[in-house]
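This report describes one protein chain with a bound ligand. It deals with the chain as a whole, the internal cavities, the ligand site and one buried leucine.

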Amino acid sequence: MDEAASREDNVFMSEPLMSRSSFGDRVRPNLLLSKRDFVKLCGMGICLLSVGDLLGFPKTSHAQAAQKGLIKTKLSPCFTSLDGGEIQCELCPHRCRVAKGRRGLCRVRENRDGKYYSLVYGNPCAVHLDPIEKKPLFHVLPSTTSFSLATMGCNFQCKFCQNWEISQASPEDVYSYDAPPEVMVKKAKEVGARSVAYTYVEPTIFYEYMLDISHLAKKEGLLNVVHSNGFINPEPLKNLCKVLDAANIDLKGFTEDYYREMCGGGLHPVLETLKTLKKEKVHLEITTLVIPTKNDDLSVLKEMCLWIKRELGADTPIHFSRFYPLYKLRSLPPTPVSTLDRARETALSVGLEYVYIGNVPGHAAENTFCPKCKKRIIQRTGFMVGEVDVKDGKCRYCGKPIPGIWT
Ligand code: SF4
């Protein structure tokens, strides 16, 4: 068996709802059970392996260790005080204005007496040891594992969200753990991860927690990587870039209408985030989930690819990912593979050099090909990695530099 697959199988149970190969960065929803089922399963010593095991709780105490409701809060540095005790959150472009006693749109930030608090600091509800390929990051330490975490909440409401059980939840709805940054970094080292990934929901909403873990992780020689919707304000982003090594940003579509109607967000701030990450020299990859009839217009995808080439460079890896019916879009069919093939051909035709197809295990476009000599230089099937012919950051056959983090 491939090393990546066996690593994951050793640590976790198999996914209860989806096959591992069918979806990208999907969280296993084992903290979404009823309290009764949760306790029952813990008592049986099964099921709740991932979070509890990774954080070092004995199986019999999982139920006691996980808590529903608010565990800890932390004062946020990212808000402006307004008249009458109202505040304005400065973390993301929604810039929520929040009255005393109320919460922002992401549900995990609350105005308490004119001060704004994170309600999820140190309280992850999902912690997994994933192959880095699952983020997906194909140009970062191939076949290593990433200590991946999320709290509940999100600043988008995507109709196709694959982690909606936690992204659209409030802290009171989901079981979480009391796990301060130092615990997370210690555990990441213990389980042999090479990176910490902030993922599954939009990490901006647990910004303070992400930042504190990142600083500690950096000191311990771990990489910091995010999978993000890119909907963050420039100032907190630049601050994060100081400790961020790599990012996969969802470019969910290429029109403002699509972002507004399908995600409850906006395109322009995401494009600004992409440009900032490039400027700050954070390794960047892009993911576009291609959804039938929603964002599969080839002329729009071509416009998007031309923008990427012009603003970010032809060597920016892009992943066209297959949609499966989920959440509020269950009536749509899965994306035909031929649609993804056409999207890839379009991207290659405008000059993008690393164009992948995701969520189609076994597709040839999971591999990395050298844009110069055209030889396959990284072999992949799903999240499993085979031959890697990148040496010292260059194609082993022709010497072309390949963008990414390789050592
Ligand atoms: S991070 Fe949350 S509270 Fe702050 S602006 Fe964004 S959605 Fe609103």
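The text below goes from the overall fold to the cavities, then to the ligand and a single residue.

**Chain overview**

The model is predicted. The protein chain has 407 residues, and 60% of them are buried. Its secondary structure comes to 12 helices and 21 strands. Of the contacts in the chain with a separation of 6 or more, 67% join residues 24 or more positions apart.

**Cavities**

Rolling a probe the size of a water molecule over the atoms shows where empty space is left. In this model the count is four cavities of 30 Å³ or more. The two at the top of the size order are set out in the table.

| Cavity | Volume | Lining residues | Residues nearest the centre |
|---|---|---|---|
| Largest | about 700 Å³ | 46 residues | Asp25, Gln162, His227, Asp250, Thr287 |
| Second largest | about 100 Å³ | 14 residues | Cys89, Cys92, Cys96, Cys106, Arg109 |

The largest cavity is lined by 46 residues. Four elements give two or more residues to this lining: strand E12 (223-228), strand E14 (283-290), strand E15 (318-322) and strand E16 (355-358). By class, the lining of the largest cavity holds 20 nonpolar, 17 polar and nine charged residues.

The lining of the second largest cavity divides into eight nonpolar, four polar and two charged residues.

**Ligand site**

Which cavity corresponds to the space taken by the ligand? The ligand takes up the space of the second largest cavity. Around the ligand are Cys89, Leu91, Cys92, His94, Arg95, Cys96, Gly104, Leu105, Cys106, Arg109, Tyr116 and Asn155. This shell has seven nonpolar, three polar and two charged residues. Cys89, Cys92, Cys96, Cys106 and Arg109, which belong to the shell, are also the lining residues closest to the centre of the second largest cavity.

**Leu271**

Leu271 lies in helix H10, which spans residues 268-279. Is Leu271 buried or exposed? Its relative accessibility is 11%, and because buried means under 20%, Leu271 counts as buried. Leaving aside neighbours within four places in sequence, Leu271 is in contact with Leu251, Phe254 and Trp307. One of these partners, Leu251, is 20 residues away from Leu271 along the chain, and the C-alpha atoms of the two are separated by 8.2 Å.

Methods. Residues are numbered from 1 along each chain as its sequence is written. This is a predicted model: local features need pLDDT of at least 70, side-chain atom pairs count only at pLDDT 80 or more; totals for chains, interfaces and linings use all residues. Side-chain values use heavy atoms; hydrogens and water are left out. Buried means under 20% relative accessible area, exposed over 50%, partly exposed in between (1.4 Å probe, protein chains only). Contact means heavy atoms within 4.5 Å. A residue is near a molecule or strand if one of its heavy atoms lies within 4 Å of it. On a 1 Å grid over the protein atoms alone, a cavity is a set of points where a 1.4 Å probe fits but cannot get out, and a pocket is an open set with protein on both sides within 12 Å along at least five of seven lines; lining residues have an atom within 4 Å of a point. A molecule sits in a cavity or pocket if more than half of its atoms lie within 2 Å of its grid points. Ala, Val, Leu, Ile, Met, Phe, Trp, Tyr, Cys and Pro count as nonpolar, Asp, Glu, Lys and Arg as charged, and the others, Gly among them, as polar. Grid points are joined across faces, edges and corners, and a volume is the space filled by probe spheres set on the points.
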